Amino acid sequence: MPAGGVGAPTRAVVVVAAGSGTRLAQGRPKAFVEVAGRTILEWSLRPILLSPAPWQVVVVVPSDLVDEAAALLGSSGNGFVTVVAGSATRQGSVARGLAAVGPRVTTVLVHDSARCFTPTAQFEAVASGVEALGHGVVPGLPVSDTIKRVDAEGAVVATVDRSELVAMQTPQGFPRAELDAAYAAADDEHTDDAALYEAAGHRVTVVDGHAEAFKITTPWDLSRAAMLAAEGTASPTALRTGVGIDVHAFDPAEPLRLGTLDWPGEQGLAGHSDGDAVAHAIVDALLSAAGQGDIGSRFGTDDPRYAGASGVVFLEATRRILTDAGARIANVAVQVIGNRPRLAARRTELEEALAILVGAPVSVSATTTDGLGFTGRGEGVTVIATALVSVASD
Ligand SMILES: Nc1ccn([C@@H]2O[C@H](COP(=O)(O)OP(=O)(O)OP(=O)(O)O)[C@@H](O)[C@H]2O)c(=O)n1
Ligand SMILES: C[C@](O)(CO)[C@H](O)COP(=O)(O)O
């Protein structure tokens, strides 16, 4: 499914990783330098992948490393991650990233890959701040040293009142249309996105930043990053697959509900709920991938709340279970085995409806068994689903 299609996220984060890392001096662009066996780029995506909200992620890397980054991130398999080539300046790189943000996105965050241990909560706080306030939101930390203003010779001109100062971090968040317009109008270089946005006349609110959102700039910062990774403060993300199967017999007295859609004129499926075998197989695949049990243990047939319940109810409840467990859905694939209904004409509609509920791409395929078995005799359907989720690993 394209990043901008129905079901695509309304939040995006542009992760700028196209800098050269001159001050880090490791002989490689900074985002491709490793910390505890993973590149800074991979570390920087971990908190975003752990976020319960679905994000479109645009990663901006040096132009000669686009293929390497796509391979590293496995982005070809995930419609919500895009890798694009950066520019000579940070501002130019951000502009290239913004150009790749999908049409459904209304809140956009810009994040330095170099701040790779930024906690997930900081992304959530900034995005929800933008959505609540309707203007720019940036994380900042109080300045801990005394600050002096000096002249060209190094003579102190003044001691600055540091109670008025905050050190800026990322991600910096903005209403998408306003940031796009500010970037289109910008004619000066700014050191952060908020400055460019302020220059266009907009308001910016500062929220609390976090010490772990420091920017890896110098070799000392790299040592600090290695210490954090070794302490497990920055635990890596693991990908887990899950599988689910559901079988239902046809019941001509019932209307057909499959994949949360109504199928007028088709025989229904028998069941304690609405018999939506596609929704049930997806629920099992998601629970299995996240290690959260199965549909029977979570939504028992003896529970009156689920008698006649629609697939939407099961999918929404399952998504909440995964969110509470800190698991993020990467994608779901479904195969329907049976003679009826014929899915081809409604495949896109079906995939989009399911993607909205799951919050990630869903692909649906169908097959028959050449007349063999109960599905071949037209007595019912079998549905198989697989799911991929990311979870915090030990
Ligand atoms: N042309 C550029 C320059 C910087 N960045 C990104 O902007 C962030 C902040 O820049 P900085 O940490 O200063 O990175 P470098 O420019 O790589 O560092 P240096 O100035 O030491 O070369 C980093 O995530 C960096 O990858 C970028 O995408 N494109
Ligand atoms: C955006 C930023 O991280 C906020 O502190 C910073 O301005 C970028 O760092 P740079 O070294 O000025 O590129």
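**Exercise 1.** How many of the 5 residues of strand 9 (residues 156-160) are buried, and does that leave the strand in the open or not?

*Solution.* Keep in mind that we're working with a predicted model. Start with the cut-off: a residue is buried if 20 or more other C-beta atoms lie within 10 Å of its own. Now go through strand 9: the number of buried residues is 0, so the strand lies largely in the open.

**Exercise 2.** Find out how strand 8 (residues 147-150) and strand 9 are joined.

*Solution.* First, check the direction: the two strands run antiparallel, with 4 bridges joining them. Next, pick out one pair: Arg-149 has Ala-158 of strand 9 as its bridge partner. Finally, look at the link: the strands form a hairpin with 5 residues between them, and Gly-154 in the turn has a positive phi of about 90 degrees.

**Exercise 3.** Work out which residues touch the most other members of the largest nonpolar core.

*Solution.* This core has 56 residues, and the ones to name are Val-14, Val-59 and Val-108. Then ask who contributes: helix 1 (residues 40-49) gives the most, with 6 residues. Now zoom in on Val-14: leaving out residues up to four places away in sequence, its contacts include Val-58, Leu-98, Val-108 and His-111. Apart from this core there's another, of 43 residues, with Ala-290 and Leu-350 among them.

**Exercise 4.** Describe the shells around the two ligands.

*Solution.* Take ligand 2: its surroundings include Arg-90, Asp-112 and Lys-215, and the shell splits into 1 nonpolar, 3 polar and 4 charged residues. Around ligand 1 there are 23 residues, of which Val-16, Ala-18, Gly-19, Thr-22 and Arg-23 come nearest. That shell divides into 8 nonpolar, 10 polar and 5 charged.

How values were computed. Residues numbered from 1 in each chain as written. Chains lettered and ligands numbered in written order. Predicted model: local features only at pLDDT ≥ 70, side-chain atom pairs only at ≥ 80, totals over all residues. Core = buried A, V, L, I, M, F, W, Y, C linked by C-beta atoms within 7 Å. Buried ≥ 20, exposed ≤ 12 C-beta atoms within 10 Å, placed from the backbone. Contact = placed C-beta atoms within 7 Å. Near = placed C-beta within 6 Å. Nonpolar A, V, L, I, M, F, W, Y, C, P; charged D, E, K, R; others polar. Pairing = 2+ DSSP bridges.
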